[in-house]
Amino acid sequence: MGKKRKMPGLNTSSTADISFMLLIFFLVTTSMDTDQGLARTLPKPPEDDQLNNEIKIKERNILNIRINKDNYVMIGDDYASLADIKERAKEFIKNEENRPNLPELKPKKIKGLGKTMMVTENHVISVQTDRGTDYGVYFAVQDALVTAYNELRDELAKAEFGFKYEFLTDDQQKAIREVYPQKISEAEPKKYGGQQ
Amino acid sequence: MPEMNTSSLPDLIFTILFFFMMVTTMREVTLKVKFEKPIGTQLEKLARKSCTSFIYIGQPTDALRGQFGSAHRIQLNDKYAEAPEIYDYVMEDRSELAESDKPFYTVSLKVDHHTPMGIITDVKQVLRKAYALKIVYSANKKQD
C-alpha cells in the first residue's frame with residue numbers, strides 16, 4: 001500500500017487548438033478600426049423665452065461660407081474653390097493688418113505667454129448649406145477650416161515655443177488656443193445669417 | 001529526436017486571445033446602409049469608444065435596395081429610423097452610462113459623403129434637443 005501511484009497526466013494537447021478557435025472567433029467578430037473624425041460641439045437648444053432674441057454679431061466678425069445645392073462654395077459674396085477657403089479663413093481669423101472689413105482685434109492678456117496679444121476674439125465662421133448640398137463638400141469645407149486653425153496654431157507655437165502645437169504641454173496648448181479659439185458655428189445657419 | 005515541449009502553447013495563445021479581447025470591441029450592429037466616409041486631413045481619434053453612440057446614414061445596401069429604395073436612410077442599432085427617433089435612442093444610450101461618464105457622451109455620425117445635408121441638419125437639430133452636444137463627423141484619413 002505504501003506504493004505511490006503516479007496520477008496520469010491529463011492530455012492537454014488539444015487546449016492549444018481550442019484557444020486558437022477562440023482567438024479566431026474573436027478576430028472575426030470584433031473590429032479594431034479606430035474611429036476618427038472631426039469633433040464638434042453643438043450649441044444648446046434655444047430656450048423658449050430666447051426664441052426671438054437673435055444673437056447679434058457685428059457683420060465684420062462673421063465669415064459666411066455658403067454652399068448651394070449644386071455644391072458651389074461662396075465666401076462672403078464671391079465664389080470660391082475649396083482650395084481658397086483655407087487661405088481666406090486664415091486671413092480672416094488673423095486679421096494681421098487690422099483691416100476694417102475683417103474681425104475686430106482686441107487686446108487680450110494671455111497668461112501662458114506672459115504678454116498681451118491682439119486677438120480676433122469675437123470672430124465666427126458660419127457654414128450655411130442648402131438641404132441638397134452633398135455632405136462630402138460640407139465636410140471638405142469643415143476640414144479646410146480646421147486646417148486653417150491648425151496652421152495658425154502651429155505658426156504661433158513655433159514662434160513662441162519653437163515646437164509644433166501638438167508637441168507642446170497642455171498649458172502651452174491652452175495659451176495658443178486662447179489666441180486662436182476655434183469658432184465654427186454649428187447652429188442653424190439662419191440664426192447667425194447676415195440678413196439683419 | 002526528443003519531442004518539443006508544447007505545454008506552454010495554450011498559455012501563449014490565451015495571452016494573445018486576451019490581448020485581442022481587450023483592444024477590440026464587438027461589432028454591434030449589422031450595417032443596413034452603405035456608406036463611404038468623407039476623407040479628411042485634420043482628424044482626431046475618438047477618445048472613449050464606450051461613451052459613444054453611432055448613427056449611420058447612407059443608402060440601403062444592395063440586398064435591401066429593392067425593398068427600401070435608394071433614398072438615404074438613417075440607421076440606429078439594427079433598423080432604419082426617422083430623425084425624431086434619435087431623441088429616444090440618445091436618451092436610452094446615455095442613461096446606460098455611469099454618471100461620471102455622462103459628460104463624455106459623444107455621438108459619432110458615420111455618414112456617406114453623398115448624403116444631402118437636409119438629413120444631417122435634421123439629425124443635428126434632434127441631437128441639440130436631446131442635449132447630446134458633442135458630435136464627431138466620422139471620416140477616413142487621407143492617404144498620402
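Two strands pair if DSSP finds at least two bridges between them. Helices (H or I, at least four residues) and strands (E, at least two) are DSSP runs, numbered from the N terminus. The exercises concern a predicted model, in which local features need pLDDT of at least 70, side-chain atom pairs count only at pLDDT 80 or more, and totals for chains, interfaces and linings use all residues. Residues are numbered from 1 along each chain as its sequence is written, while chains are lettered from A and ligands numbered from 1 in the order in which they are written.

**Exercise 1. Describe the pairing of strand 3 of chain A and place this strand in its sheet.**

Step 1. Strand 3 of chain A covers residues 62-67. Six bridges connect strand 3 to strand 8 (residues 124-129) of chain A, and the two run parallel. Within this pair, A:Arg66 lies opposite A:Gln128 of strand 8.

Step 2. Strand 3 of chain A is also joined by three bridges to strand 4 (residues 73-75) of chain A, here in antiparallel fashion. A:Arg66 has A:Met74 as its bridge partner in strand 4, and A:Ile67 has A:Val73. The hairpin of these two strands has five residues between them, and A:Asn71 in it adopts a positive phi near 70 degrees.

Step 3. Chain A thus offers an open sheet of five strands in the order 5-4-3-8-9, with mixed pairing. Its edges are strand 5 (78-80) and strand 9 (184-185) of chain A, each of which pairs on one side only. In general, strands of a sheet pair through backbone hydrogen bonds, either parallel or antiparallel.

Step 4. A residue is buried if 20 or more other C-beta atoms lie within 10 Å of its own, exposed if 12 or fewer, and partly exposed in between, with C-beta atoms placed from the backbone. Five of the six residues of strand 3 of chain A are buried, so the strand is mostly covered.

**Exercise 2. Identify the residues that touch the most other members of the largest nonpolar core.**

Step 1. A nonpolar core is a set of buried Ala, Val, Leu, Ile, Met, Phe, Trp, Tyr and Cys residues joined through C-beta atoms within 7 Å.

Step 2. The largest core holds 53 residues; A:Ala89, A:Tyr138, A:Val141, A:Leu145, B:Ile55 and B:Leu127 touch the most other members. Helix 3 (residues 135-161) of chain A supplies the largest share of this core, 12 residues.

Step 3. Two residues are in contact if their C-beta atoms, placed from the backbone, lie within 7 Å. Apart from neighbours within four places in sequence, A:Leu145 is in contact with A:Ile85, A:Ala89, A:Ile125 and A:Ile184.

**Exercise 3. Characterise the contact between chain A and chain B.**

Step 1. Chain B contributes 46 residues to the contact and chain A 41 residues. On the side of chain B, the elements giving two or more residues include helix 1 (9-23), strand 8 (106-111) and helix 4 (117-129). Helix 1 of chain B provides the largest share of that side, nine residues.

Step 2. Ala, Val, Leu, Ile, Met, Phe, Trp, Tyr, Cys and Pro count as nonpolar, Asp, Glu, Lys and Arg as charged, and the others, Gly among them, as polar. On this basis the side of chain B that touches chain A has 23 nonpolar, 14 polar and nine charged residues.

Step 3. Strand 2 (residues 36-41) of chain A and strand 9 of chain B run antiparallel and are joined by five bridges. One of the paired positions is A:Leu38, whose partner in strand 9 of chain B is B:Tyr137.

**Exercise 4. Describe the overall form of chain B and the confidence assigned to it.**

Step 1. Chain B contains four helices and 10 strands. Its radius of gyration is 20 Å, well over the 15 Å that the globule rule gives for 144 residues, so chain B is more spread out than a compact globule. The radius is taken over C-alpha atoms, and the rule is 2.2 Å times the number of residues to the power 0.38.

Step 2. Of the 144 residues of chain B, 27% count as buried.

Step 3. The pLDDT, the predictor's confidence in each residue from 0 to 100, averages 84 in chain B, where 97% of the residues score at least 70. The model scores ipTM 0.78 and pTM 0.77.
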